[in-house]
Amino acid sequence: MPNVSCITEFLLLALTDTRELQLLHFALFLGVYLAALLGNGLILSAVACHHRLHTPMYFFLLNLALLDLGCISTTLPKAMANALWDTRAISYQGCAAQVFLFIFLMSAEYSLLTIMAYDRYVAICKPLHYGSLVGSRACAQMAAAAWGSGFLNAVLHTATTFSLPLCRGNAVDQFFCEIPQILKLSCSDVYLREVGVLLVSGCLGVGCFVFLVVSYVEIFRAVLRIPSEQGRHKTFSMCLPHLAVVSLFLSTVMFAYLKPPSISSTSLDMVMAVLYSVVPPAVNPVIYSMRNQELKATLKKLILVLVFA
């Protein structure tokens, strides 16, 4: 077995060695980060300040915007700083904090997306029971469960990962600290503990995925039973933003973690990490506001107030 060294810092993956391209990456990341801050910030302000949006669907959307802001703020600022200052280092504590926050926020977001599917299912398939099944107290409990499950999952993964002895240097092949890349640095005969934890989380993730699929099968069946074409279109429009967000989230995460090793490469891993950690928080506000006339109208009023105040 290789010697176990005491690591005080990790070296993150450099996006490029060319200084001009580093500054270009910094500018691109800054633009995406500011767009995410603006879009999610507007949704938070709109939902919080307008009483018409104080409904379960928008309450969950507010939570999603909070999680997206936290998720992109966990990865991009450090990547931007490294690109700007031409460095790769991140402290051991900083890496552990990044892993914890990223797992916490991503797990909570997946749970929240599952809850939002349940909300749409009840609204469309059981409208007469909507008030009793998705009341304010139930919404608060479900949101707390999503955040709590994410926190417990993050504690479990972070504690297990950083209790492993690292024998293979401190270079992480990713632009942020990611568990699969850190596991590559661990001793080959001790990392199975974290693999076991990943399998447990994977089983829970599959359970949520099955729930999402079953919910949308029932929703589509209910939509097809609506006699009016206008009614079908209006009902389907209620689900389309959530379905698009779920599809984007799951497709990128599943490809990133389930792709065959034969097609794995550092460049591909980095592109997939950008797609599942950076793109969704930036485009989710656009997806939700694009077909939602009520939210779109509220956002327009809010922007006008901010511009002409």
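A disulfide is here a pair of cysteine sulfur atoms within 2.5 Å. In general terms, a disulfide is a covalent bond between the sulfur atoms of two cysteines. The model examined is a predicted one. One disulfide is present in the structure.

The bond joins Cys 95 and Cys 177, whose sulfur atoms lie 2.0 Å apart. That distance satisfies the cut-off of 2.5 Å. The torsion about the S-S bond is about -125°, so the disulfide of Cys 95 and Cys 177 is left-handed. The pair links distant parts of the chain, 82 residues apart. Cys 95 belongs to helix 3. Cys 177 sits in the loop between helix 5 (136-161) and helix 6 (179-183). Both ends of the bond were assessed for accessibility. Cys 95 has a relative accessible area of 0% and is therefore buried. Cys 177 has a value of 1%, so this residue is buried as well.

Other cysteines were then examined. Cys 71 has its closest cysteine sulfur in Cys 177, at 14 Å, which is too far for a bond. Cys 71 is buried because its relative accessible area is 1%, under the 20% limit. Cys 203 takes part in no disulfide. The nearest cysteine sulfur to Cys 203 is that of Cys 208, 12 Å away. Cys 203 counts as exposed because its relative accessibility is 57%, over the 50% limit.

Helix 3, which carries Cys 95, also packs against helix 2. Helix 2 spans residues 56-85, and helix 3 spans residues 92-125. Their axes are 9 Å apart and meet at an angle of about 160°. Helix 2 is therefore roughly antiparallel to helix 3, since angles over 145 degrees fall in that class. The crossing of the two helices is left-handed. The residues of this contact comprise 16 nonpolar, five polar and five charged.

Aromatic contacts were considered next. The structure holds 14 aromatic pairs. One of them joins Phe 102 and Tyr 276, with ring centres 6.0 Å apart. Their planes stand at 50°, so the pair of Phe 102 and Tyr 276 is tilted. This pair links distant parts of the chain, 174 residues apart. Phe 102 lies in helix 3, and Tyr 276 lies in helix 9. Phe 102 and Tyr 276 are both buried.

Phe 104 and Trp 147 form an aromatic pair with an edge-to-face geometry. The centres are 5.9 Å apart, and the planes of Phe 104 and Trp 147 are 65° apart. This pair, too, links distant parts of the chain: Phe 104 is in helix 3, Trp 147 is in helix 5, and 43 residues separate them. Phe 104 is buried because its relative accessible area is 13%, under 20%. Trp 147 has a relative accessible area of 25% and is therefore partly exposed.

An aromatic cluster was also found. Its members are Phe 29, Phe 102, Phe 175, Phe 176 and Tyr 276. The tilted pair of Phe 102 and Tyr 276 thus has both residues in this cluster.

Helix 9 covers residues 266-277. In addition to Tyr 276, this helix includes Ser 267. Ser 267 counts as exposed because its relative accessibility is 51%, over the limit of 50%. Ser 267 and Leu 15 are 252 residues apart in sequence. In space, their C-alpha atoms are 9.1 Å apart.

Two loop residues complete the account. Thr 18 is located in the loop between strand 1 (9-11) and helix 1 (19-49). The relative accessible area of Thr 18 is 36%, so this residue is partly exposed. Asp 86 is located in the loop between helix 2 and strand 2 (89-91). Phi of Asp 86 is near 55°, a positive value in a residue other than glycine. Asp 86 counts as partly exposed because its relative accessibility is 49%, between the limits of 20% and 50%. Thr 18 and Asp 86 are 68 residues apart in sequence. Their C-alpha atoms are 9.6 Å apart in space.

Methods
Residues are numbered from 1 along each chain as its sequence is written. This is a predicted model: local features need pLDDT of at least 70, side-chain atom pairs count only at pLDDT 80 or more; totals for chains, interfaces and linings use all residues. Side-chain values use heavy atoms; hydrogens and water are left out. Helices (H or I, at least four residues) and strands (E, at least two) are DSSP runs, numbered from the N terminus. Buried means under 20% relative accessible area, exposed over 50%, partly exposed in between (1.4 Å probe, protein chains only). Axes are lines fitted to C-alpha atoms, for helices over the stretch in contact, and angles run from 0 to 180 degrees between N-to-C directions. Angles under 35 degrees count as roughly parallel, over 145 as roughly antiparallel, 65 to 115 as roughly perpendicular and the rest as oblique. A crossing is left-handed if the near helix is turned anticlockwise from the far one by less than a right angle, and right-handed if clockwise. Ala, Val, Leu, Ile, Met, Phe, Trp, Tyr, Cys and Pro count as nonpolar, Asp, Glu, Lys and Arg as charged, and the others, Gly among them, as polar. Rings of Phe, Tyr and Trp (its six-membered ring) pair if their centres lie within 6.5 Å; planes under 30 degrees apart count as stacked, over 60 as edge-to-face and the rest as tilted.
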